[in-house]
Amino acid sequence: MQHILNQYQTVTEACVKTWFKVGVTEDFPENSGACIKYKTKQIAVYNFARISKWYACQNVCPHKMEMVLSLGMIGDKNGIPKVACPMHKKNFSLEDGSQLGGDDLKIATYPVKIKDGNVYIGFID
Ligand code: FES
């Protein structure tokens with residue numbers, strides 16, 4: 001199981017090597033998630049229109065290794081944008097991937113860039 005998680009590491013905007021185009025903004029439902037594939041990775045992408053922000057993170061939930069986070073409800077907890085896993089409702093910060101109010105689980109997050117109506121996600125490989 002660990003090998004699945006090992007391929008996901010948080011990427012900061014400053015260290016992006018590849019901005020990968022994943023579609024146009026209209027491809028992504030507002031205030032909801034969608035899943036894209038980059039190489040061997042499944043990445044959840046959220047068009048958080050309510051706060052005019054976009055987020056991306058690993059699609060696999062580190063709790064039971066289910067590929068489901070793109071299906072999770074997004075919202076906020078104490079002002080922190082978050083996604084709730086649809087399986088057992090663990091909450092993860094979309095800002096830094098930390099689990100909010102729970103175990104020491106963490107998800108990888110990725111920068112999202114919108115340019116000329118296109119959606120790009122930043123990777124380091
Ligand atoms: S699989 Fe995500 S909370 Fe259990």
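**Close-up views of a predicted model**

**View 1. The hairpin of β11 and β12.** In this hairpin, which has two residues between its strands, D116 takes a positive phi near 50°. Keep in mind that what you are looking at is a predicted model. Strand β11 covers residues 112-115, and its antiparallel pairing with β12 runs over four bridges. One pair to pick out is K115, which sits opposite N118 of β12.

**View 2. K21 meets the hairpin strand β12.** N118 turns up again here, this time with a partner from far back in the chain. K21 belongs to strand β1, residues 18-24. In sequence, K21 and N118 are 97 residues apart, yet their C-alpha atoms are 6.9 Å apart in space. Is K21 buried or exposed? K21 has 12 other C-beta atoms within 10 Å, so it counts as exposed. Setting aside neighbours within four places in sequence, the contacts of K21 are N118 and Y120.

**View 3. The four-stranded open sheet.** Reading across the sheet, the strand order is β2-β3-β4-β10, and the pairing is antiparallel. Why do β2 and β10 each have one side without a neighbour in the sheet? Both stand at the edges, β2 as residues 32-38 and β10 as residues 109-110, and each has a single partner strand, so one side of each stays free of a sheet neighbour. For β10 and β4, residues 53-58, the antiparallel pairing comes down to two bridges. Look for A56 here: its bridge partner in β10 is Y110.

**View 4. The largest nonpolar core.** A56 also shows up in this view. The core holds 26 residues, and V45, Y46 and A56 are those with the most contacts inside it. Two or more residues each come from β3 (41-48), β4, β5 (60-61) and β12 (118-123). Which of the elements gives the most? That would be β3, with five residues. As a bit of background, nonpolar side chains tend to be buried together in soluble globular proteins.

**View 5. Zooming in on Y46.** What does Y46 touch once residues up to four places away in sequence are left out? The list is G33, W54, Y55, I74, V83 and L94. Y46 is also one of the residues with the most contacts inside the largest nonpolar core.

**View 6. The three-stranded open sheet.** V83, one of the residues that Y46 touches, leads us to this sheet. Its strands lie in the order β7-β8-β9, with antiparallel pairing. Strands β7 (73-77) and β9 (91-93) are the edge strands; each has a single partner, so each is left with one side lacking a neighbour in the sheet. On average, neighbouring strands here are turned by 40° against each other, direction ignored. Three bridges link β8, residues 80-84, to β9, and the two run antiparallel. Across from V83 you will find F92 in β9.

**View 7. Stepping back to the whole chain.** Overall there are one helix and 12 strands, and along the sequence the helix precedes the strands. The chain has 125 residues and a radius of gyration of 13 Å, which agrees with the value near 14 Å for a compact globule. Along the principal axes, the C-alpha atoms fill a box of roughly 40 × 35 × 25 Å. Buried residues make up 31% of the 125. Among contacts with a separation of 6 or more, 49% come from residues 24 or more positions apart.

Conventions:
Residues are numbered from 1 along each chain as its sequence is written. This is a predicted model: local features need pLDDT of at least 70, side-chain atom pairs count only at pLDDT 80 or more; totals for chains, interfaces and linings use all residues. Two strands pair if DSSP finds at least two bridges between them. The radius of gyration is taken over C-alpha atoms; the globule rule is 2.2 Å times the number of residues to the power 0.38. A residue is buried if 20 or more other C-beta atoms lie within 10 Å of its own, exposed if 12 or fewer, and partly exposed in between; C-beta atoms are placed from the backbone. Two residues are in contact if their C-beta atoms, placed from the backbone, lie within 7 Å. A nonpolar core is a set of buried Ala, Val, Leu, Ile, Met, Phe, Trp, Tyr and Cys residues joined through C-beta atoms within 7 Å. Axes are lines fitted to C-alpha atoms, for helices over the stretch in contact, and angles run from 0 to 180 degrees between N-to-C directions.
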